[in-house]
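Visitor: I am new to this structure and should be grateful for a guided reading. May we take it one question at a time?

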Amino acid sequence: MTFTSRKAAKIACRRRFPNEKLNGYPCPVVENGWHAGHLAPAVRAGAVSRGDWYKDRGKTTTKGIA
Ligand SMILES: [Zn+2]
């Protein structure tokens, strides 16, 4: 599912998963599209920046992540 803003993505995601730690991030496929989901463990650990993580994932997926 793609949202039109980071805020909308997080709100929708939080409604479904109220107790999860969520991260809004730009869709790697749809311009101006947004998703929300869990922060990748590697990002949480500080090994990879959010930007690099999602940029790399965007190369390997053809569809949205969330
Ligand atoms: Zn997407």
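Visitor: What percentage of the 66 residues in the protein chain is buried?
Guide: This is a predicted model, and the values that follow are computed from it. A residue counts as buried when its relative accessible area is under 20%. Among the 66 residues of the protein chain, the buried share is 27%.

Visitor: In what pattern do the helices and strands follow one another along the sequence?
Guide: The protein chain contains 3 helices and 2 strands. Read along the sequence, these elements follow the pattern α-β-β-α-α.

Visitor: How much area does the protein chain expose, and what percentage of it do carbon and sulfur atoms supply?
Guide: The exposed area of the protein chain is about 4,700 Å². Of this area, carbon and sulfur atoms supply 54%.

Visitor: How many bridges join strand β1 to β2, and do the strands run parallel or antiparallel?
Guide: Strand β1 covers residues 22-26, and strand β2 covers residues 34-38. Within this pairing, N23 stands opposite G37, and P26 stands opposite W34. The strands are joined by 5 bridges, and their direction is antiparallel.

Visitor: Why is β1 described as largely enclosed by the rest of the structure?
Guide: The description rests on how many residues of the strand are buried. For β2, the corresponding count is 4 of its 5 residues, and that strand is mostly covered. Strand β1 is largely enclosed because its buried residues number 4 of the 5.

Visitor: Which residues coordinate the zinc ion?
Guide: The coordinating atoms are an SG and an NE2, at 1.9 to 2.1 Å. Both of the residues that carry them are buried. The residues are C27 and H35.

Visitor: Why does H35 count as buried, and what is its relative accessibility?
Guide: H35 lies in strand β2. A polar atom of its side chain is 2.6 Å from the backbone oxygen of M1. Because the limit for a buried residue is under 20% relative accessible area, H35 counts as buried at a relative accessibility of 1%.

Visitor: Which residues form the largest nonpolar core?
Guide: In soluble globular proteins, nonpolar side chains tend to be buried together. In this model, the largest nonpolar core has 6 residues. Helix α1 (6-16) and strand β2 are the elements that give two or more residues to this core. Its members are F3, A9, C13, L22, W34 and A36.

Visitor: Which residues does C13 touch, apart from those up to four places away in sequence?
Guide: C13 is one of the residues of the largest nonpolar core. Two of its contacts, L22 and A36, also belong to that core. With sequence neighbours up to four places away left out, C13 touches L22, A36 and G37.

Visitor: How far apart in space are L22 and A36, C-alpha to C-alpha?
Guide: L22 is found in strand β1 and is buried, with a relative accessible area of 16%. Beyond four places in sequence, the residues that L22 touches include K10, R14, F17 and H38. Along the sequence, L22 and A36 are 14 residues apart. In space, their C-alpha atoms are separated by 6.3 Å.

Visitor: Is K10 buried, partly exposed or exposed?
Guide: K10 has its place in helix α1. Leaving aside neighbours within four places in sequence, K10 is in contact with L22, G24 and A36. Its relative accessible area is 25%, and therefore K10 is partly exposed.

Visitor: Where does N32 lie, and is it buried or exposed?
Guide: N32 has a positive phi of about 65°, although it is not a glycine. Its position is in the loop between β1 and β2. Because its relative accessibility is 63%, N32 counts as exposed.

Visitor: What distance separates the C-alpha atoms of K55 and P26?
Guide: K55 lies in helix α3, which covers residues 50-60. With a relative accessible area of 47%, K55 is partly exposed. K55 and P26 are 29 residues apart along the chain, and their C-alpha atoms are separated by 9.6 Å.

Visitor: Of the contacts with a separation of 6 or more, what percentage comes from residues 24 or more positions apart?
Guide: The count concerns contacts in the protein chain with a separation of 6 or more. Residues 24 or more positions apart account for 43%.

Note on methods
Residues numbered from 1 in each chain as written. Predicted model: local features only at pLDDT ≥ 70, side-chain atom pairs only at ≥ 80, totals over all residues. Heavy atoms only, no water. Donors = N, O, S within 2.8 Å, 3.2 Å for Na, K, Ca; no water. Buried < 20%, exposed > 50% of the residue type's maximum accessible area, 1.4 Å probe, protein only. Pairing = 2+ DSSP bridges. Core = buried A, V, L, I, M, F, W, Y, C linked by side-chain atoms within 4.5 Å. Contact = heavy atoms within 4.5 Å. Areas by Shrake-Rupley, 256 points an atom, 1.4 Å probe, with all protein chains shown as cover. Polar contact = N/O pair within 3.5 Å; in protein donor to acceptor, adjacent residues only side chain to side chain.
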